[in-house]
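Good morning, colleagues. I shall take you through several local features of one structure, and I ask you to keep the display in view while I speak.

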Amino acid sequence: SWSWDRTSWQTYATNLSAFPAAQSEHLQQKMSENGALPLRGKVLTLDTMNANVKKVDYAVRGPIVQRAVQIEKELKEGVKKPFEEVIKANIGDAHAMGQRPITFFRQVMALCTYPQLLDDNKFPEDAKNRARRILQSCGGNSIGAYTTSQGIDCVRHDVANYIQRRDGGIPSDPDNIYLTTGASDGIVTILKLLTTGEGRTRTGVMISIPQYPLYSASIAELGAVQINYYLNEEKCWSLDISELQRSLQAAREHCNPCVLCIINPGNPTGQVQSRQCIEDVIRFAAKENLFLMADEVYQDNVYAEGCAFHSFKKVLFEMGPEYSSKVELASFHSTSKCYMGECGFRGGYMEVMNMDPEVKAQLTKLVSVRLCPPAPGQALMDLVVNSPQPGEPSYQTFMKERTAVLSALAEKAKLTEEILNTVPGISCNPVQGAMYSFPRITLPERSINEAKAKGQAPDMFYCMKLLEETGICLVPGSGFGQREGTYHFRMTILPPTDKLKIMLNKLKEFHQKFTQQYS
Amino acid sequence: QTVTNKVIQKGNPKTGKGQGRQQMIIKQINSPRSNTQRQGKTRRKTGKCYRLTILCDVSVCNLYSPHNMKQVIADNEFLGRGNLGNGVQELMGTPVGDRNNWSISNYFYLQVLAACFYPALLEDDSLPLDVKQRAESLLRECDGGSVGSYTDSSGITKIKHCVSQFITRRDGGVPSSPDNIFIKSGSQTIMLKLLIHSKDSCQTGVLIPVPTYASFIIALEEQGAAIIPYHLCEEQGWTLQVEELRKALHTGRKTCNPVALYICNPGNPTGHIQSRKSIEEVIRFAAEERLFILADEVYQSCVYGDDTEFYSYKKVLSEMGSTICSTVELASFNSVSKGFMGECGLRGGYMELVNLDPAVKEYASRLFSARSCPPVVGQIALDLMADPPKPGDPSFPTFSEVGVQAIKNTICKNTGRIQEVFAELPGISCQPLKAGFFVFPCLHFSLKAIKWAKKRQMEPDMLYCLRLLEETGLHVRPGCEYGQRKDSHHIRFVHCHCCELLHVCEW
């Protein structure tokens with residue numbers, strides 16, 4: 001570490017004089033060649049740009065979505081299309097699909113922002129109390145102030161209490177909680193901490209295929225090595241330890257695998273891991289000395305009978321001190337999913353377990369670069385983990401709204417599976433949890449060839465055609481990764497039920513037509 | 001050489017020492033939270049001769065914002081009732097009456113935000129009409145009419161338009177395209193990511209001013225850049241001299257490949273502002289030496305010196321010769337955290353790109369999209385900053401006359417008073433204050449004091465700050481955290497609230 005002190009300057013000066021003369025000359029030569037370039041040339045071009053950036057790809061906001069935005073604009077301008085509106089089933093954005101925000105949350109947010117409203121008797125007492133409590137822990141009693149980098153103290157305490165309740169009393173320490181700008185921020189930060197080495201010693205990160213493209217994009221950006229392990233589509237996208245073992249073994253040939261990422265409930269695949277499976281994964285991580293990253297942002301989104309959410313933290317602690325004192329784990333949560341779907345606030349937290357204290361100190365410094373997560377997002381996270389309790393004035397409305405959202409999602413998960421499975425050439429696993437269905441599609445040979453001739457992935461070709469003809473915007477499976485020769489798409493189950501039905505039927509018609517056209 | 005070039009010497013920040021995974025994980029990053037702050041916490045608990053720690057300045061990571069200052073001023077009042085420790089001189093009083101101005105000028109922003117969060121308020125008669133109209137028009141831009149939706153990853157299109165119009169107005173008509181605006185707090189990191197190759201045999205170098213604030217340096221370190229310091233000339237009011245830039249660049253070229261020049265104008269912590277001529281010189285220099293300009297202009301609206309005016313790099317660049325104005329690449333940054341809005345917690349900011357290679361811009365967009373969207377709240381704050389209430393709007397009188405104007409008056413009064421006091425005080429000298437939020441006076445320590453600090457293996461200004469905190473509860477930052485010439489010592493503190501500055505130079 002450096003600081004503006006004399007010692008490091010001296011070290012630097014010593015190193016400088018120790019710089020081999022020949023190399024120095026070579027450098028100067030190289031530099032003067034650069035300097036001789038004509039003035040007109042740009043400093044930053046594709047050739048001089050950081051090469052890692054070129055590898056970054058983010059399908060969820062890729063070419064299909066860009067085209068969808070364009071089509072929306074065309075529709076507005078009055079261009080005739082075979083449909084009236086674009087249905088964006090590409091991204092887990094609940095409010096954009098018409099879901100109403102939870103009243104209580106928004107009341108408190110309004111109160112926190114403009115505290116003069118605390119004198120207004122239109123707001124329930126519990127909302128006012130929450131707002132006062134949050135404001136008291138903000139600098140200058142204002143949500144517009146910077147907060148500490150790790151996040152507002154009282155929010156971190158509330159998060160720890162929530163985790164403890166959720167996990168049946170297993171203690172959680174507020175010092176291990178870091179508030180983040182959505183879960184993505186936490187995930188990228190931890191990956192940053194873990195990435196090191198060159199060549200064969202470069203950090204390898206194991207991610208499921210199909211995966212959520214945030215992982216592949218961050219791995220590319222950081223220049224870490226992506227290690228794929230495949231989920232078992234035949235067994236409802238479950239995770240096989242033997243597959244983990246296989247991919248780890250293969251990766252050890254060329255890099256240093258030290259991170260295992262799990263998304264549970266799964267995105268884009270919608271599976272919910274059994275308790276047994278989580279135990280097996282933890283045992284595997286312990287044996288192979290891997291850092292576990294558990295993306296648990298869909299923890300309230302479990303629909304299928306017989307499925308329940310088990311947090312990695314809980315299972316880890318129930319496995320006894322042999323594991324609970326050793327396995328390093330970071331788990332992530334956010335305000336964007338579940339029943340609240342508040343993506344725009346960018347609220348989230350991560351909990352780190354068994355992290356070396358010195359490393360934790362580095363983590364704290366690393367998060368301080370971005371100063372602090374948005375304070376309103378932190379406040380909202382607080383409300384999610386400290387929602388109205390029985391006996392409070394807002395409890396009933398809150399529960400009514402929460403249940404309505406979750407039961408509608410459960411219904412839509414079932415509906416999606418049922419309708420898609422009636423289409424010949426589409427097969428769909430049950431949507432046990434999360435917000436997506438990831439059905440497999442059989443594509444005619446001719447369409448595959450045509451796509452390849454265009455330099456497109458066959459499912460990208462399919463989705464683009466679907467968008468052009470029906471206005472439905474999906475993300476092709478190739479954006480998430482899939483077994484070679486198989487094709488999929490990801491679709492959210494978020495549109496309102498009537499719209500979802502219309503959409504699924506349109507999809508059905510399109511698939512039949514497409515199959516006919518290319519057979 | 002009489003100058004301490006504090007060069008951050010960086011082998012590979014990504015390699016840790018020792019073995020084992022834990023070590024591997026370790027990245028060496030400079031700690032932004034130094035002793036003074038920790039000290040502050042313990043002090044508060046033990047409750048000494050003073051009752052509260054006054055945060056005159058908290059460096060990089062947290063707590064500094066006008067909102068905090070409201071609190072700070074309240075603390076001062078408390079302190080003013082005479083709980084001061086022994087041997088402490090009170091230098092300044094607090095203009096208590098002004099302390100609510102910040103929140104008054106922000107009523108408009110806060111009301112709009114509250115209405116966006118909870119649209120039921122739109123039915124409420126208590127909110128002014130222009131607040132409701134603005135909230136409604138903003139909600140129309142959000143998918144599903146909710147601020148809880150994702151937005152485009154570089155920001156809501158309408159807000160980008162609004163920002164580009166703001167820039168055009170600011171620059172006296174120089175056109176600005178919304179396509180070149182990227183909304184994001186921390187967009188500096190994205191530019192650095194594009195510019196810096198950390199793994200190359202020849203490391204990417206970035207020229208940065210000394211003194212400068214620490215979080216930018218940490219960001220550079222994190223990306224693996226080599227840091228090339230250039231010194232601002234304190235004697236001439238912290239001016240930026242091209243000769244110094246040239247010298248620094250020349251030295252830098254021996255060890256790395258300098259590609260970018262970072263400028264902070266108005267300056268943090270120095271409170272200086274560049275003249276138009278100085279900006280022209282810097283641009284010409286960047287053109288000759290082929291450097292990408294990163295212009296941090298977050299204090300642009302906080303300019304109060306006599307006969308001083310803020311010129312943006314974009315404006316000056318656009319008015320230079322055709323070769324230069326069409327080639328020099330520039331990224332300029334602004335945010336809602338500073339200026340008269342001071343909404344730090346909302347995390348709203350933007351970057352404008354000038355002359356960027358379109359192919360590279362494509363990748364910049366891609367990087368943005370991989371990071372999800374900027375917080376919608378911050379985007380709304382940006383819209384309100386770029387398009388504040390106009391004369392005739394119901395919110396205008398409170399916003400402008402009671403709010404902004406009063407803040408300006410306070411700042412002028414405070415900075416004037418600070419300079420008067422410093423002029424009379426032996427052992428402290430301060431360059432004229434012209435812009436920004438900070439004062440960075442030079443402290444002249446006695447040999448005895450320096451020796452004493454040396455014995456304790458501490459920078460004298462660090463020791464001074466610790467003592468100041470111990471004895472008075474005043475929390476200011478030592479200049480050694482920002483970088484300074486060898487054998488010169490400074491402290492940094494916030495002037496906007498103008499707390500008592502206490503001088504304890506008895507050692």
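Let me begin with a term: a residue is called buried when its relative accessible area is under 20%, exposed when that area is over 50%, and partly exposed in between. Please also bear in mind that this is a predicted model.

With that term in hand, consider two residues with unusual backbone angles. A:Asn289 is not a glycine, yet its phi is positive, at about 60 degrees. A:Asn289 lies in the loop between α11 and β6 (291-295) of chain A. Is A:Asn289 buried, exposed or partly exposed? With a relative accessible area of 48%, A:Asn289 is partly exposed. In chain B, B:Arg290 has a positive phi of about 55 degrees, and this residue is not a glycine either. B:Arg290 is found in the loop between α10 (276-289) and β6 of chain B. B:Arg290 is buried, with a relative accessible area of 16%.

I turn to the cis peptide bonds. One of them joins A:Ile209 and A:Pro210, with omega at about 0 degrees. A:Pro210 sits in the loop between β3 (203-209) and α9 (213-222) of chain A. Another cis bond runs from A:Asn264 to A:Pro265, and its omega is near -10 degrees. The loop that holds A:Pro265 is the one between β5 (256-263) and α11 (275-288) of chain A.

Next, a sheet in chain B. What is the order of its strands? The sheet is open, has 7 strands with mixed pairing, and follows the order β2-β8-β7-β6-β5-β3-β4. At its edges are β2 (181-183) and β4 (226-231) of chain B, each of which pairs on one side only. From one strand to the next, the twist averages 20 degrees. Helix α6 (residues 157-170) of chain B packs on this sheet and touches β2, β7 (330-335) and β8 (349-354) of chain B. The direction of α6 makes about 125 degrees with that of β2(B). Within the sheet, strand β5 (residues 257-264) and strand β6 (residues 292-296) of chain B run parallel and are joined by 5 bridges. There, B:Cys264 has B:Asp296 in β6(B) as its bridge partner.

A further strand of chain B deserves attention, namely β14 (residues 489-494). Because 6 of the 6 residues of β14(B) are buried, this strand is largely enclosed by the rest of the structure. In a regular strand, side chains alternate between the two faces of the sheet. Here B:His489, B:Ile491 and B:Phe493 point one way from β14(B), while B:His490, B:Arg492 and B:Val494 point the other way. Strand β10 (residues 438-439) of chain B runs antiparallel to β14(B), with 2 bridges between them, and B:Phe438 is the bridge partner of B:Val494. Strand β11 (residues 442-443) of chain B is also antiparallel to β14(B) and joined to it by 2 bridges; B:Leu443 stands opposite B:His489. Strand β13 (residues 477-478) of chain B is likewise antiparallel to β14(B), again with 2 bridges, and B:Pro478 stands opposite B:Ile491.

Finally, the cysteines. How many disulfides does a search of the whole structure find? The search finds 0 over all chains. A:Cys343 is an instructive case: its closest cysteine sulfur, in B:Cys373, is 7.5 Å away, too far for a bond, given that a disulfide requires sulfur atoms within 2.5 Å. A:Cys343 is buried, at 0% relative accessibility, and A:Cys372 is buried at 2%.

Terms used
Residues numbered from 1 in each chain as written. Chains lettered and ligands numbered in written order. Predicted model: local features only at pLDDT ≥ 70, side-chain atom pairs only at ≥ 80, totals over all residues. Heavy atoms only, no water. Pairing = 2+ DSSP bridges. Helix = DSSP H or I, 4+ residues; strand = E, 2+ residues; numbered from the N terminus. Axes fitted to C-alpha atoms, helices over the stretch in contact; angles between N-to-C directions. Contact = heavy atoms within 4.5 Å. Buried < 20%, exposed > 50% of the residue type's maximum accessible area, 1.4 Å probe, protein only.
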